[in-house]
Amino acid sequence: MQAYRDGEQVVVLLPARLSADEAEGWVDRMVGRVLAKEDRRQQATPRSDEQLASRASALSERYLEGRARPAGIRWVSNQRTRWGSCTPSTGQIRLSHRLQQMPSWVIDYVIVHELVHLLEPGHGPRFRELCARYPDTARAEGFLEGAAYAAGLPIGWDDEQPE
């Protein structure tokens with residue numbers, strides 16, 4: 001048995017051997033699981049700019065000794081090929097609205113990545129060292145690369161060059 005979201009619908013796959021009553025019960029149960037998972041994801045995702053600022057502050061404290069303090073952090077819908085961007089000179093961080101559908105540990109990684117830019121503008125060794133303090137760095141980078149590939153987007157960050 002399997003259930004997944006396909007656009008606006010939840011698709012439930014069941015064995016043909018089930019009776020109509022059994023199938024109805026399983027459909028209700030499986031749809032409930034998909035919706036509960038979506039609710040948990042939405043509750044864990046910062047929705048407002050204020051929630052993003054609070055999350056960024058907590059992540060800076062935890063992984064960067066509180067040294068990265070953005071002047072502002074917000075969701076934006078005009079980033080087509082980037083997950084996030086930072087302007088170190090102004091302290092502004094912007095996150096792509098596309099991240100809102102991703103797991104919270106991926107969003108946290110992007111926030112940490114952009115916070116580190118407030119301390120290290122490029123993607124050099126010191127930058128990578130600071131980002132690696134976030135324990136899910138490699139996992140989140142892999143997730144984002146897969147998401148970029150699936151969406152036909154460039155893989156990597158805005159100022160990275162292939163090594």
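**Exercise 1. Helix 3**

How many residues does helix 3 have, and how far does helix 3 reach from its first C-alpha to its last? Determine also whether helix 3 is mostly covered or mostly uncovered.

*Solution.* The model is predicted.
- Step 1: helix 3 takes in residues 104-119, which amount to 16 residues.
- Step 2: from first to last C-alpha the reach is 23 Å, close to the 22 Å expected at 1.5 Å a residue.
- Step 3: of the 16 residues in helix 3, 13 are buried, and the helix is thus mostly covered.

**Exercise 2. The order of elements**

State how many helices and strands the protein chain has, and give their pattern along the sequence.

*Solution.*
- Step 1: the protein chain has five helices and five strands.
- Step 2: along the sequence these elements follow the pattern β-β-α-α-β-β-β-α-α-α.
- Step 3: the protein chain has 163 residues, and 34% of them are buried.

**Exercise 3. A salt bridge between two helices**

Identify the salt-bridge partner of Arg 55, locate both residues, and classify each as buried, partly exposed or exposed.

*Solution.*
- Step 1: the partner of Arg 55 is Asp 108, with 2.5 Å between the closest N and O atoms. This separation satisfies the criterion because a salt bridge requires a side-chain nitrogen of Lys or Arg within 4 Å of a carboxyl oxygen of Asp or Glu.
- Step 2: Arg 55 belongs to helix 2 (residues 49-64) and Asp 108 to helix 3; the pair, 53 residues apart, links distant parts of the chain.
- Step 3: the relative accessible area of Asp 108 is 8%, so Asp 108 is buried. For Arg 55 the value is 31%, so this residue is partly exposed.

**Exercise 4. Further salt bridges and a network**

Give the total count of salt bridges, describe the pairs formed by Arg 67 with Glu 65 and by Arg 139 with Asp 136, and name the residues joined into one network.

*Solution.*
- Step 1: the count comes to five salt bridges.
- Step 2: Arg 67 and Glu 65 meet through their side chains at 3.5 Å, N to O. Arg 67 is partly exposed because its relative accessible area is 42%.
- Step 3: Glu 65 lies in the loop between helix 2 and strand 3 (72-76). Its phi is near 55°, a positive value in a residue other than glycine. Most residues other than glycine have a negative phi.
- Step 4: in the salt bridge between Arg 139 and Asp 136, the closest N and O atoms are 3.7 Å apart. Both residues are partly exposed, Arg 139 at 48% relative accessible area and Asp 136 at 23%.
- Step 5: shared partners join the salt bridges of Glu 65, Arg 67 and Arg 133 into one network.

**Exercise 5. Two surface sites**

Which residues gather with Asp 21 in a patch of negative charge? Find the place of Asn 78 and its separation from His 97 in sequence and in space.

*Solution.*
- Step 1: the patch on the surface consists of Asp 21, Glu 22, Glu 24 and Asp 28.
- Step 2: Asp 21 is placed in helix 1 (residues 20-44). Its relative accessible area is 65%, and therefore Asp 21 is exposed.
- Step 3: Asn 78 occupies the loop between strand 3 and strand 4 (84-87). Asn 78 counts as exposed because its relative accessibility is 60%.
- Step 4: Asn 78 and His 97 are separated by 19 residues in sequence and by 8.5 Å in space, C-alpha to C-alpha.

Notes:
Residues numbered from 1 in each chain as written. Predicted model: local features only at pLDDT ≥ 70, side-chain atom pairs only at ≥ 80, totals over all residues. Heavy atoms only, no water. Patch = residues over 30% accessible without salt bridge, like charges linked within 9 Å, V, L, I, M, F, W, Y side chains within 5 Å. Areas by Shrake-Rupley, 256 points an atom, 1.4 Å probe, with all protein chains shown as cover. Lys, Arg positive; Asp, Glu negative; His and termini not counted. Charge placed at Lys NZ, Arg CZ, Asp CG, Glu CD. Helix = DSSP H or I, 4+ residues; strand = E, 2+ residues; numbered from the N terminus. Buried < 20%, exposed > 50% of the residue type's maximum accessible area, 1.4 Å probe, protein only. Expected span 1.5 Å × (residues − 1).
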